[in-house]
Amino acid sequence: MILVTGGAGFIGANFVLDWLRGSDEAVLNVDKLTYAGNLRTLESLQSDPRHIFARVDICDAAALDTLFSTHRPRAVVHFAAESHVDRSIHGPADFVQTNVVGTFVLLEAARRYWASLDDSARAAFRFLHVSTDEVFGSLSPADPQFCETTPYAPNSPYSATKAGSDHLVRAYFHTYGLPTLTTNCSNNYGPYQFPEKLIPLMIAHALAGKALPVYGDGRNVRDWLYVSDHCSAIREVLARGEPGQTYNIGGWNEKANIEVVQTICDLLDAARPKAQGSYRDQIAFVKDRPGHDRRYAIDARKLERELGWKPAETFETGLAKTVRWYLENQPWVDEVASGEYRKWVETNYTKRV
Ligand code: NAD
Ligand code: TYD
């Protein structure tokens, strides 16, 4: 089996669902269930013996040791993290704890377990660390995209803690020989994304008749990848990536935020027209995020060249699917957007307008 951390979050849950659609190899899903983790996403696996769920914090070394020795995974795919930049600005401590300390505790547990394996199991073992392009910092409009050798220059507490975890993973390969793989992916979107992130937040606010809060001038650029394409890239890297290597993952879809928000409005205008006017009328420019990175862009040629991976979706097809999914799955959104979420919206947006 494989051990997946953070498999109740957005990308982790998509990964678990996709994995079990394509394979009979079981998944041990280790998740603390923070505000971002939601077992409802995994409802379809409730009576599936291939999915074992353990509510465990990755900072809990003893619990991890027990999970490793009981279930004996052949690989770890590590998604668990605090993942939202705005929250990292309001409260960085949880990010240091989970992203840096948690990754360290998980690496140590994996190393102890790995050392106990026989030679062939040790050689076959993999620790795949899921990271972000945000560790590379911010690009100007004319700069080339981030490649695997771009120097790290993280600017937010979120990206700084992800950079720290990437460095630890690198060190565990070089120092101890743990067979690690690291992936650095661009912004994801798709089903089951928590509505604190740009795309689901805009869909939710549009449907609720609320303002669509675009930070600053709306010209910040992100490089968007549909979540199932990220999952397929991770499967490729896990199967055929070379230990010690890092792989950038992206879909060659750079868009300014305002363009993304306008496209969402147009898709909603077509699918669920308002009685009067367009959803675009709800767009409101608000106070910028402190230290807001201007542009992210990924050069994913290494992954294509070495492992033959390419994304299946374009931004247009992926975004249309995503908007449709949110329209058809309003109860999921209503459930995750309950108490804690409402407090967050107040914290993040009240003082911006
Ligand atoms: P998410 O916030 O939706 O989910 C994170 C999951 O981790 C949740 O289920 C949460 O309960 C769990 N978790 C948090 N702290 C934990 C802890 N201490 N112990 C165990 N579980 C814990 O995040 P996501 O968007 O799915 O991102 C997953 C990973 O992918 C992260 O490592 C993130 O840095 C990386 N990533 C995300 C994006 C993106 O656009 N969302 C892009 C590139 C990389
Ligand atoms: P986000 O989804 O938080 O991802 P990240 O900060 O990791 O890239 O934000 C994507 C972009 O959208 C980013 O430039 C910030 C911007 N943004 C807004 O303009 N308004 C919002 O309400 C949010 C959440 C984000």
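## Two ligands and a buried helix

In this predicted model, a polar side-chain atom of Asn187 sits 2.9 Å from an oxygen atom of ligand 2. Taken alone, ligand 2 would expose 510 Å², and the protein buries 97% of that. Let's stay with this ligand for a moment, then move on to the other one.

**Around ligand 2.** The shell has 19 residues, and Glu134, Arg222, Arg289, His292 and Tyr349 come nearest. His292 puts a polar side-chain atom 2.7 Å from an oxygen atom of ligand 2. Leu198 takes part through its backbone instead, with a polar atom there 2.9 Å from an oxygen atom of the ligand. Sorted by class, the shell holds nine nonpolar, five polar and five charged residues. Helix α7 and strand β8 each supply at least two residues of this shell.

**Helix α7.** That helix deserves a look of its own. How much of α7 is buried? Seven of its ten residues (198–207) are, so the rest of the structure largely encloses this helix. The buried ones are Ile199, Pro200, Leu201, Met202, Ile203, His205 and Ala206. What covers them includes three strands, β7 (187–189), β8 (212–215) and β9 (221–226), along with helices α9 (257–271), α11 (315–328) and α13 (339–349). After α7 comes Gly209, which has a positive phi, near 75°.

**Around ligand 1.** Now for the other ligand. Its shell counts 28 residues, with Ile11, Asp31, Ser83, Tyr158 and Lys162 coming nearest. By class, that's 13 nonpolar, eleven polar and four charged residues. Which elements each supply at least two residues of the shell? They are α1 (10–22), β5 (126–132), α6 (157–176) and β7. The largest share, three residues, comes from β5.

Here are some polar contacts to ligand 1, each to an oxygen atom of the ligand:

| Residue | Part of the residue | Distance to an oxygen atom of ligand 1 |
|---|---|---|
| Phe79 | backbone N or O atom | 2.9 Å |
| Ser83 | polar side-chain atom | 2.7 Å |
| Tyr158 | side-chain N or O atom | 2.7 Å |

On its own, ligand 1 has 840 Å² of accessible area, and the protein covers 97% of it.

**A buried serine in a loop.** Away from the ligand shells, have a look at Ser278, in the loop between α9 and β12 (283–286). Is Ser278 buried or exposed? Its relative accessibility is 17%, so Ser278 counts as buried, the cut-off being under 20%. The Ser278 side chain makes a polar contact with the side chain of Asp269 at 2.7 Å. The side chain of Ser278 also reaches the backbone nitrogen of Arg280, at 2.9 Å.

**The whole chain.** Stepping back, the protein chain contains 13 helices and twelve strands. Its C-alpha trace spans about 70 × 50 × 40 Å along the principal axes. For 353 residues, a compact globule would have a radius of gyration near 20 Å, and the 20 Å of this chain agrees with that. Buried residues make up 56% of the 353. Among contacts with a separation of 6 or more, 82% come from residues 24 or more positions apart. As for the outside, the accessible surface comes to about 14800 Å², and carbon and sulfur atoms account for 51% of it.

Conventions:
Residues numbered from 1 in each chain as written. Chains lettered and ligands numbered in written order. Predicted model: local features only at pLDDT ≥ 70, side-chain atom pairs only at ≥ 80, totals over all residues. Heavy atoms only, no water. Buried < 20%, exposed > 50% of the residue type's maximum accessible area, 1.4 Å probe, protein only. Helix = DSSP H or I, 4+ residues; strand = E, 2+ residues; numbered from the N terminus. Contact = heavy atoms within 4.5 Å. Near = heavy atom within 4 Å. Polar contact = N/O pair within 3.5 Å; in protein donor to acceptor, adjacent residues only side chain to side chain. Areas by Shrake-Rupley, 256 points an atom, 1.4 Å probe, with all protein chains shown as cover. Nonpolar A, V, L, I, M, F, W, Y, C, P; charged D, E, K, R; others polar. Rg over C-alpha atoms; globule rule 2.2 N^0.38 Å.
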